[in-house]
Amino acid sequence: MTPAHSKLSDILDGLPQDAHVLTGSNGFAISGSALSTKTTALNNALQALPQGTRVATLLPDTPETAIWLLAMVHHLQVLPINPALTDTEIESILNDSSAQVLLGSDHDPRAAQLAGICALPLAILHDDCTVELPAVDGAVQNAGLILLTSGSTGRPKRVPLTPEQLHLSAQRIARALNLGPTDRAVHALPMFHIGAIVDLLLAPLYAGGAVHFAGGMGARPLQNSVRDYGCTWMQLVPTMLARLQADLTADEAAEMGQALRFIRSVSSDLAPSTHARAEAFFAGTPIIQMYGMTETAGQITTNPLPPEMRKPGSVGRAFEVDLRIEQGEVQVRGDAITSGYEGTERAEHFVDGEWLRTGDLGYLDEDGFLFLTGRSKEMINRGGEKISPHEIEHAALSYEGTLEAAAFARPHPSLGEEVAMAVTFAKNGTLDALQAHLADALAAFKVPRKILVLDALPRLGSGKIDRRALREMGTAAPKATQEAPQTSLGALIADAWRTVLPQTAADEPRAETDFFDAGGDSLAGAQFLFEVERLSGRTLPTNLLYDAPEFGAFVAAVERAPLREIIDKSDAKHVFLNSRLKDWDAPEVAGVPFFRVLHKDAPDTPLFWCAQEEGEYQKIAEAFEGKRPLYLMRSLFLMLGKNDDMNDVLARDYAEAIATLQPGGAINLGGFCEGAKIMRFAAAHLISMGRDVRIIISWDQWFDTALSVPVLHLWSDDRYERYQRNHLFPERAIAAAHPAGFDVIRVGGGHTEVLTQGPLEDFLPHIESALKHGIQGTPEVPPAAFERGMRGDIRLSGSRFVQRGARASVTVRVHNAGSAHWPASPDAPLFVSAQLRNLDGHIAQAVAAHCQITQSVDAGQGLDFQLEFEVPDKWLPFKLCLDVSDGASQKASDFGIKAASKIMFPKLF
């Protein structure tokens, strides 16, 4: 038995032995003695990995995860990842973080898929907290946590924290909150967050108390935690606090308040008015506002518990750390602060070698209480006037109908930035009342010129407001209403009209309706003109609305205005795109010189096509001549260092141009190879603008990401053979990524052959039908044939020596070593598939042979059959590799079944 880390021993030795110290809403419960036994056993099991092995985790928010983290963080470097991230985001984190192992639940096949993509060994955690560990080589390193910052204003950074720093912070939190053995915390934060690990796990256990996992952030899970499990305190972000006030009755809140010692408010600002209403709602339960960071292992400042003085609006006083204000910025130092961000120089974020620059702005009052005024990167610069989002949010939250508010900067054509805000309302809240309240509470230049009314504010996994998402929402085109179909420029202008004059939202503007009579003023007029310019892509005179205030006359004037240049001559990307199209034999598009167009005046809806080279659109153009416009753009697929992030930026510009060139109606997109990928990104941007994308025509591009747009796939023989390297039957495997519908047409030939040389006539009716009607029906996704925990193997026997260029046969045995039988049915067929690989690993034949397993294989039984394949007509030895596939994308070897391989030697004679 290897002695546990001293800090782990400190926690385990202080636990009550017979009482439950971890409980969950699913009925989970474990005593102090059982937790000590299980954690010690886990810690010993982990000794199979070198100390400091970096293990990324993809685990749910459960007590079992807490136990695992408690054991793991004292021996390994633990990088918890938010499971809500997309596969692409998680792949990026894994590839950038130097992770050595990926740990996932045995219920989650996604972890195995991601481990395979990123070439990482997979560790599997079972419900009983036992674990299957891979063999890993590595040097001894420091253990601890590697946490990702929220990324609220930029790319998330990696923060290393040692076990000593984590425990030191936990001790300080326990002391600041006077935690003891009679306290039980409500745990409702995600397990990749610093507060979930230190504040709500280590601190309560260090104090000899207990933790209950609520099983959700809603009102009922939190209420049940207090009422049914005897919890004495909660830690909530202000959003959760506001939602409780909206969802609980006064009696329910009073019952909770009487049971709680305090509520701790974390992660974001709590306005004084919101603070006061919340305390009154919970029958006087004190709400303790604090301030902390991932980089400081949690708490920096805190308000004290009663009867000591608390100050609403303040995050409290520094608690056992040093704090100072330098040029308005909060800076801290102390022994629980990270040594620095991975991959960056310490000097970039530390001053005088020891003071961490937090990026937060604030001031200290005469009693040493810290008041935060915002983040330096979030300040709004309106024509040189610096405006704090906190001030705007506090004013909005002082209106009792506001649940949540977030102010942010919105681009302004003359001021640079203007104030915008997103809010959520309580049942009694209205936009008119809020606007009137803000007009009284703020100076005129601080009043938000645009207010988004949302059901919920977008948030990061940490609970912080996603201000980048708000900025994108604030500049996106408004979504069309059902009453105003997007069939003309007039419909778009009507949308802008209703957005700027929300009091008219229920009424369609008539031709004679006057903007100013409908409630508009000069300020609203300027905003309306700005919106119409953006939506129409036209340059409008500043006095247009005054010359033509009636809706019908205004629409007519806009339709006569010239289309503005979409290209930004200061944008090197646009200039480069234009230069890459100068030799294409197609006319330039007025206002969009990085687009080309053929058949511009054809009557049908256009197709926007992204090609890689000039020769890849002529055949399509010939097919559409006289029928529909063909707008052309370029994918830049050979540009050095180009990646999908760049593709997304390119697609955003393309989407903006497409939305301008086709201001209404369903949009048709298409592309060849990487051009189809860019159109996939463009579709996402168009949808975020409120536009309808009818179809993507994808020539030789495989899509893994689930799309909300139907896709017509056109596959050459070259690409089909490539897809077969990973999928036995690609047409079935791709179905899972197309919930909105898809179709696959095998066009044959080489990668560019049919597209550049033709003929296209055989499948043109499919393209025309998709462009006019989309794809009808939704795909049937094949049921999963495998699941985590299946056990078995594939064995093969036969001579290693085969006749080149002839057919050879091997005997295959499929053995089921598990406890459940393997079904074999038409709905979920199983196959044994064979690949031929050169000895250097190169796939010589992706599908050399396959044979369907037509009989179920019972537990403990095997099945024998012969598999024939064609031997290559070469003298080189090769490896025959066998696997079991489900006919789509899953391979048995990815789920615990051992595959088979054998080196074969062609005979000389």
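## A119 and Q327: two unusual backbone angles

At 67% relative accessibility, A119 counts as exposed. In this predicted model, A119 sits in the loop between helix 5 (109-117) and strand 6 (122-125). Its backbone deserves a second look: the phi of A119 is near 55°, a positive value in a residue other than glycine. Why is that worth noticing? Most residues other than glycine have a negative phi, and most peptide bonds are trans.

Q327 is another residue to look up. Its phi is near 50°, again positive in a residue other than glycine. You will find Q327 in the loop between strand 17 (322-326) and strand 18 (329-333). With a relative accessible area of 85%, Q327 is exposed, because exposed means over 50%.

## Cis peptide bonds

Now to the peptide bonds themselves. The bond from P306 to P307 is cis, with omega near 15°. P307 belongs to the loop between strand 15 (298-302) and strand 16 (317-318).

The bond from G758 to P759 is cis as well, and here omega is near 0°. P759 is placed in the loop between helix 25 (753-757) and helix 26 (764-773).

## How confident is the model?

Averaged over the chain, pLDDT is 85, and 93% of the residues score at least 70. Where does pLDDT stay under 50? That happens over residues 477-487, for which the model has 29 contacts beyond four places in sequence. A word of caution fits here: where pLDDT is low, the predicted coordinates should not be read in detail.

## Salt bridges across the chain

Side chains of opposite charge can pair when their charged atoms come close. How many salt bridges does the structure hold? There are 38 salt bridges in the structure.

One of them joins the side chains of R261 and D183, at 3.0 Å from N to O. R261 lies in the loop between helix 10 (250-259) and strand 13 (262-265), and D183 in the loop between helix 6 (163-176) and strand 10 (184-187), so this pair ties together parts that are 78 residues apart in sequence. Are these partners buried or exposed? R261 is partly exposed, at 33% relative accessibility, whereas D183 is buried, at 7%.

## More charged pairs to find

R746 and D717 also meet in a salt bridge through their side chains, at 3.2 Å from N to O. R746 is part of strand 34 (residues 742-746) and D717 is part of helix 23 (residues 717-723), so the bridge ties together parts that are 29 residues apart in sequence. R746 is partly exposed at 39% relative accessibility, and D717 is partly exposed with a relative accessible area of 30%.

A further bridge pairs the side chains of R807 and E868, with 3.3 Å from N to O. This pair links distant parts of the chain, with R807 in strand 37 (residues 807-816) and E868 in strand 40 (residues 862-870), 61 residues apart. E868 is partly exposed, having a relative accessible area of 45%. Salt bridges that share partners also join R172, R175, E320 and D335 into one network.

## Cysteines without a disulfide

A disulfide is a covalent bond between the sulfur atoms of two cysteines. How many disulfides does a search of the whole structure find? The search finds zero disulfides. Two cysteines you can look up are C118, which is buried with a relative accessible area of 13%, and C231, which is buried at 1% relative accessibility.

## Nonpolar residues, inside and out

L49 is placed in the loop between helix 2 (32-45) and strand 3 (54-58). L49 counts as buried because its relative accessible area is 2%, and buried means under 20%. Which residues is L49 in contact with, leaving aside its neighbours within four places in sequence? They are V55, H75, L76, L133, P134 and V136. For a sense of distance, try L49 and A250: they are 201 residues apart along the chain, and their C-alpha atoms are separated by 53 Å.

On the surface, F801, L839, I903 and F905 form a nonpolar patch, with about 370 Å² of accessible area together. I903, one of these residues, belongs to strand 43 (residues 900-906) and is partly exposed, with a relative accessible area of 30%.

Definitions and conventions. Residues are numbered from 1 along each chain as its sequence is written. This is a predicted model: local features need pLDDT of at least 70, side-chain atom pairs count only at pLDDT 80 or more; totals for chains, interfaces and linings use all residues. Side-chain values use heavy atoms; hydrogens and water are left out. pLDDT is the predictor's confidence in each residue, from 0 to 100. Contact means heavy atoms within 4.5 Å. Patches are made of residues with over 30% relative accessible area and no salt bridge: like charges are joined within 9 Å, nonpolar side chains (Val, Leu, Ile, Met, Phe, Trp, Tyr) within 5 Å. Accessible areas come from the Shrake-Rupley method with a 1.4 Å probe; for residues, only the protein chains shown count as cover. A salt bridge is a side-chain nitrogen of Lys or Arg within 4 Å of a carboxyl oxygen of Asp or Glu. Helices (H or I, at least four residues) and strands (E, at least two) are DSSP runs, numbered from the N terminus. Buried means under 20% relative accessible area, exposed over 50%, partly exposed in between (1.4 Å probe, protein chains only). A disulfide is a pair of cysteine sulfur atoms within 2.5 Å.
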